[in-house]
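Student: I have a chain on screen and would like to work through its fold. Can we take it question by question?

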Amino acid sequence: MNFDPNCLCPLCGSNPEKVFYPYSTKFNNIHFNYLKCSKCPSVFVHPIPDSATLDLMYSKTAYHDKYSNDNEEIDFTLSINLLKQYAQDNA
Ligand SMILES: [Zn+2]
């Protein structure tokens with residue numbers, strides 16, 4: 001997988017060392033590659049999404065409504081109740 005060696009790490013401004021993850025993510029007809037910075041431990045996508053793309057990625061209907069729901073709260077409640085049971089058994 002090729003990448004632009006002149007792109008810059010968004011944290012430290014250094015060039016990428018290598019492709020970190022051998023698969024890209026395609027969103028809105030753009031392929032985002034995962035690159036490892038040569039100087040710091042950062043892994044970043046290239047190209048870095050612009051504001052309009054981020055708005056699309058994390059829109060309420062495409063992201064929050066799809067991936068955030070009450071199931072997490074239900075799972076959390078089940079976990080707490082299970083932990084309470086063990087805490088009472090070991091008290
Ligand atoms: Zn860096």
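Student: Over how many bridges do β1 and β2 pair?
Tutor: This is a predicted model, so every answer here is read from predicted coordinates. Look at the two strands side by side. Their pairing is antiparallel. The ladder between β1 and β2 counts seven bridges.

Student: Which residue stands opposite Lys18 in β2?
Tutor: Stay with the β1 and β2 pair, which is antiparallel. One facing pair in it is Val19 with Leu35. For Lys18, the residue opposite in β2 is Lys36.

Student: What is the phi of Asn28 in the turn?
Tutor: β1 and β2 form a hairpin. Two residues sit between the strands. Asn28 belongs to that turn, and its phi is positive, at about 55°.

Student: How many residues lie between β2 and β3 in their hairpin?
Tutor: β2 covers residues 30–37. β3 covers 43–46. These strands also form a hairpin, and the number of residues between them is five.

Student: Over how many bridges do β2 and β3 pair?
Tutor: Two facing pairs help to place the ladder. Leu35 stands opposite Phe44 in β3. Asn33 has His46 as its bridge partner. The pairing is antiparallel, and the bridges number four.

Student: Which strands are the edge strands?
Tutor: Start with the sheet order, β1-β2-β3, in an open sheet. An edge strand pairs on one side only. That describes β1 and β3.

Student: What is the average twist from one strand to the next?
Tutor: The three strands are joined by antiparallel pairing in an open sheet. Going from one strand to the next, the twist averages 25°.

Student: In what order do the elements run from the N terminus?
Tutor: Count the elements before ordering them. The protein chain has three helices and three strands. From the N terminus on, the order is β-β-β-α-α-α.

Student: Why is the chain described as more spread out than a compact globule?
Tutor: Compare its radius of gyration with the globule rule. For 91 residues the rule gives 12 Å. The chain is well over that, so it is more spread out than a compact globule: its radius of gyration is 20 Å.

Student: How far apart are the C-alpha centres of domain 1 and domain 2?
Tutor: Domain 1 runs over 1–49, and domain 2 over 58–91. For scale, the C-alpha trace spans about 60 × 35 × 20 Å along its principal axes. The two domain centres lie apart by 33 Å.

Student: What percentage of the 91 residues count as buried?
Tutor: A residue needs 20 or more other C-beta atoms within 10 Å of its own to be buried. Of the 91 residues, the share that meets this is 5%.

Student: Is Pro10 buried or exposed?
Tutor: Pro10 sits in the segment before β1. It touches Phe44 and Ile48, leaving aside residues up to four places away in sequence. A residue with 12 or fewer other C-beta atoms within 10 Å is exposed. Pro10 has 12, so the answer is exposed.

Student: How far apart in space are Pro10 and Leu78?
Tutor: In sequence, Pro10 and Leu78 are 68 residues apart. In space, C-alpha to C-alpha, the distance is 39 Å.

Key
Residues numbered from 1 in each chain as written. Predicted model: local features only at pLDDT ≥ 70, side-chain atom pairs only at ≥ 80, totals over all residues. Domains from an automatic or database assignment. Rg over C-alpha atoms; globule rule 2.2 N^0.38 Å. Contact = placed C-beta atoms within 7 Å. Pairing = 2+ DSSP bridges. Axes fitted to C-alpha atoms, helices over the stretch in contact; angles between N-to-C directions.
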